[in-house]
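The following exercises concern one protein chain. Please work through each task before reading its solution.

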Amino acid sequence: MLLADQRRLLCEYGRRAAETGLVVGTAGNLSVREGDLVAVTPSGVPLDRLEPEACPVVDVAGHLVEGDLQPSSETPMHLAVYASGDAGAVVHTHSTFGTVVATTMTGLPPIHYTVLLLGGPVRVAEYATYGTPELAANVRAALEGRTAALLANHGGVTVGPDLPGAFEATRLLEWLCEVYVRARAVGEPRVLTEEQLAAVAHRAFHPPVFPVRGDSPGFPTRED
Ligand SMILES: [Zn+2]
């Protein structure tokens with residue numbers, strides 16, 4: 001079986017996505033790339049009932065290489081993402097809060113600094129019918145310099161170096177959207193400025209170094 005490990009991973013993370021409520025039924029799809037091949041979830045099978053053999057393998061041009069079932073209808077979107085960068089995995093869901101934001105906003109405002117883990121403020125890709133090359137192109141544009149994007153009136157998509165990474169990005173995207181939606185219910189959320197985000201990015205690359213006790217007379221310790 002081609003890409004056996006990758007197809008097993010699709011089953012594992014498909015189950016996780018269903019169990020954590022990120023997808024309902026067949027509303028979501030995942031893929032993993034290995035060289036010129038992509039293992040993708042099949043069309044019409046609930047993600048918590050996947051078997052490795054049921055996950056088709058296609059080449060990066062979209063030709064079916066192995067598998068009896070049809071690849072996900074969003075396979076063109078997955079392939080467009082792989083064609084535009086070095087992503088190793090793609091996760092697409094119709095998660096609740098992501099879809100709420102994608103239905104009402106043109107972007108997710110940067111209300112929390114962890115949005116930098118997704119490359120910056122998340123864009124909403126322009127609406128197009130699911131499964132079309134137009135949607136694939138819109139998503140590809142919205143992902144420029146990012147690891148996450150929302151799809152207008154549809155859901156969200158994330159990329160990662162591998163499936164665990166792309167899945168974590170989906171969990172973070174959903175959390176950020178939930179915080180934003182809930183914050184809107186309480187008041188007008190404060191949005192972080194570019195300067196505040198730049199300070200966070202700077203700190204990530206220049207973490208504080210805490211002196212070892214005893215090495216730094218100027219740093220008070222309990223014994224002092
Ligand atoms: Zn979808």
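Each exercise below gives a task and then a stepwise solution.

The model is predicted: local features need pLDDT of at least 70 and side-chain atom pairs count only at pLDDT 80 or more, while totals for chains, interfaces and linings use all residues. Residues are numbered from 1 along each chain as its sequence is written.

**Exercise 1. The chain as a whole**

Task: Describe the secondary structure, the extent and the burial of the chain.

Solution.
- Step 1. The chain holds six helices and nine strands; these are DSSP runs numbered from the N terminus, with helices (H or I) of at least four residues and strands (E) of at least two.
- Step 2. The C-alpha trace spans about 70 × 40 × 30 Å along its principal axes.
- Step 3. Of the 224 residues, 38% are buried. A residue is buried if 20 or more other C-beta atoms lie within 10 Å of its own, exposed if 12 or fewer, and partly exposed in between, with C-beta atoms placed from the backbone.
- Step 4. Contacts require C-beta atoms, placed from the backbone, within 7 Å. Among contacts between residues at least 6 apart in sequence, 64% join residues at least 24 apart.

**Exercise 2. Two helices and the core**

Task: Compare H5 and H6 in span and burial, and state which helix gives the most to the largest nonpolar core.

Solution.
- Step 1. The expected span of a helix is 1.5 Å times one less than its number of residues. H5, with 24 residues, reaches 35 Å from its first C-alpha to its last, close to the expected 34 Å.
- Step 2. H6 (residues 194-205) has twelve residues and reaches 17 Å, close to the expected 16 Å.
- Step 3. The buried residues of H5 include Leu163, Phe167, Leu173, Glu174 and Tyr180, whereas the count of buried residues in H6 is zero.
- Step 4. A nonpolar core is a set of buried Ala, Val, Leu, Ile, Met, Phe, Trp, Tyr and Cys residues joined through C-beta atoms within 7 Å. The largest has 54 residues, and those with the most contacts inside it are Leu10, Val139, Ala149 and Leu150. Helix H5 (residues 163-186) gives the most to this core, with eight residues.
- Step 5. Ala149 touches Val139, Ala142 and Val157, among others beyond four places away in sequence.

**Exercise 3. A helix pair**

Task: Characterise the packing of H2 against H4.

Solution.
- Step 1. Two packed helices are described by the angle and the distance between their axes.
- Step 2. The axes of H2 (residues 75-83) and H4 (residues 133-142) come within 8 Å and cross at roughly 35°. Axes are lines fitted to C-alpha atoms over the stretch in contact, with angles running from 0 to 180 degrees between N-to-C directions.
- Step 3. Pro76, Met77, Ala80 and Val81 of H2 meet Pro133, Leu135, Ala136, Ala137, Val139 and Arg140 of H4.

**Exercise 4. Positive phi**

Task: Where do Leu3 and Asn153 lie, and is each buried or exposed?

Solution.
- Step 1. Most residues other than glycine have a negative phi. Phi is near 45° at Leu3 and near 50° at Asn153.
- Step 2. Leu3 lies in the segment before helix H1 (4-19). Leu3 is buried because 21 other C-beta atoms lie within 10 Å.
- Step 3. Asn153 lies in the loop between strand S8 (148-151) and strand S9 (155-160). Asn153 counts as exposed because it has 11 C-beta neighbours inside 10 Å.

Methods:
Two residues are in contact if their C-beta atoms, placed from the backbone, lie within 7 Å.
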